[in-house]
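Visitor: Mind walking me through this one? I'd like to start with the sheet and then look at a pocket.

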Amino acid sequence: MTDIVDELQWRGLIALSTDEDALRKAFADGPVTFYCGFDPTAPSLHLGNLVQILTMRRIQQAGNRPLGLVGGATGLIGDPKPNAERTLNAPEVVAQWVERLREQIAPLLDFEGPHAAVMVNNLDWTQGLSAIEFLRDVGKHFRVNKMIAKEAVSRRLESQEGISYTEFSYQILQGMDFLELYRRYGCTLQTGGSDQWGNLTSGTDLIHRVEPEAAVHALGTPLITKADGTKFGKTESGTIWLDPEMTTPYAFYQFWLNADDRDVSKFLRIFSFKSRAEIEELEKQTEERPQARAAQRALAEELTTMVHGADQTAAVTAASKALFGQGELAELDEKTLAASLSEVPHIQVTELAPVVDLLAEVGLVASKSAARRTVKEGGAYVNNVKVASEDTVPATEELLHGRWLVLRRGKKNLAAVEVTGA
């Protein structure tokens, strides 16, 4: 197998490392026990977290043991945001979110075999710790001048908001996690985003103070940027979550399918488990025939299957085709249809109206006269059936699942009408 450090570099997944040569040797001498932490500050993980989980999966596949830490303790505090204090969530809410995050991480790691993953919770070693013990046994190893120099802290100190002692202490808790996992599991590597570098190195620094002979490492992945300047993992409708109730599998699939040609090569390397040869072939296809969107389609299918399962992928790909006249809309299940139509312009009406009125009202055309021209030219469709007359009024029997009409102008312009009173 390719050296895992070389593999991570080729995929653009190494932004920072405490000592790359030493880490390379540790992997060669392996196996390495390593961890990545996820705080339950929301009820779901998102695409930024997926970068970390899939990086863990790659390192595990290279013959190393991952520890997936969901921070039941650190989640009660939250790491410092760039410009404001976090809202503290109730302990019972955090406990619920811990379980939800564990359920999202677990399917993406391997819990069988010689390098089986282990899920851990830092509340296990913090909830019984007194404040005096924490200050004497852990806090004494941290120097305030060095803590203040950490980027996340320094930015807050320079802001009007300042920083509370609670969030200031976060890096001590994360450093203690690494030490505890080193002692309990022989963990010698922590991975995370480069924006967390100060928190990652707080752990290596603490271990070096307490266990001077220990060889431990930190590895930071780069923050992902998009070519158009918008934030990765965000759309007009908000964050792309891994929870299907917060971001539908259809919307998840569409996010990857709509990736900019300038970004898709980078996304393939970071997220896909295809081989180098397969990725390079898809990159070539993007360059030669960008309109085919082969790379985006391959990425969308792979990631949707990985996160939501093969059945959901089949459902959303069928919906994607059917919406554009390449399949039967009536065969789509209600949930998938509803999710797909939420991603296009849509209106609610209480009764059916002439198609020209609906086309104008939903915004597929600028006016009713433009709608009439579209119908005359043969470019208007209701549920993939061409509208024959300007006077056509859809029948109640045409409503999909008794609720929806799918309107289309030409080949690509879609909208939906939900009839709530018919």
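**Sheet and pocket**

Guide: Six strands make up an open sheet with mixed pairing, in the order S1-S6-S5-S2-S3-S4. Strands (E, at least two residues) and helices (H or I, at least four) are DSSP runs numbered from the N terminus, and two strands pair if DSSP finds at least two bridges between them. This is a predicted model, where local features need pLDDT of at least 70, side-chain atom pairs count only at pLDDT 80 or more, and totals for chains, interfaces and linings use all residues. Residues are numbered from 1 along each chain as its sequence is written, and side-chain values use heavy atoms, leaving out hydrogens and water.

Visitor: Which strands stand at the edges?

Guide: Strand S1 (16-17) and strand S4 (118-120) do; each has a single partner strand, so one side of each has no neighbour in the sheet.

Visitor: And S2 with S5, parallel or antiparallel?

Guide: Parallel: two bridges join S2 (residues 33-38) to S5 (residues 189-193). Phe34 has Leu189 in S5 as its bridge partner.

Visitor: On to the pocket. How much space lies in the second largest one?

Guide: About 1,200 Å³, as filled by probe spheres set on grid points joined across faces, edges and corners. A pocket is an open set of points on a 1 Å grid over the protein atoms alone where a 1.4 Å probe fits, with protein on both sides within 12 Å along at least five of seven lines; lining residues have an atom within 4 Å of a point.

Visitor: Which residues are closest to its centre?

Guide: Tyr250, Gln254, Leu257, Asn258 and Phe324, out of 40 lining residues.

Visitor: Which element gives the largest share of that lining?

Guide: H12, with five residues. Strand S7 (234-235), helix H12 (249-257), helix H13 (261-271) and helix H16 (310-323) each supply at least two.
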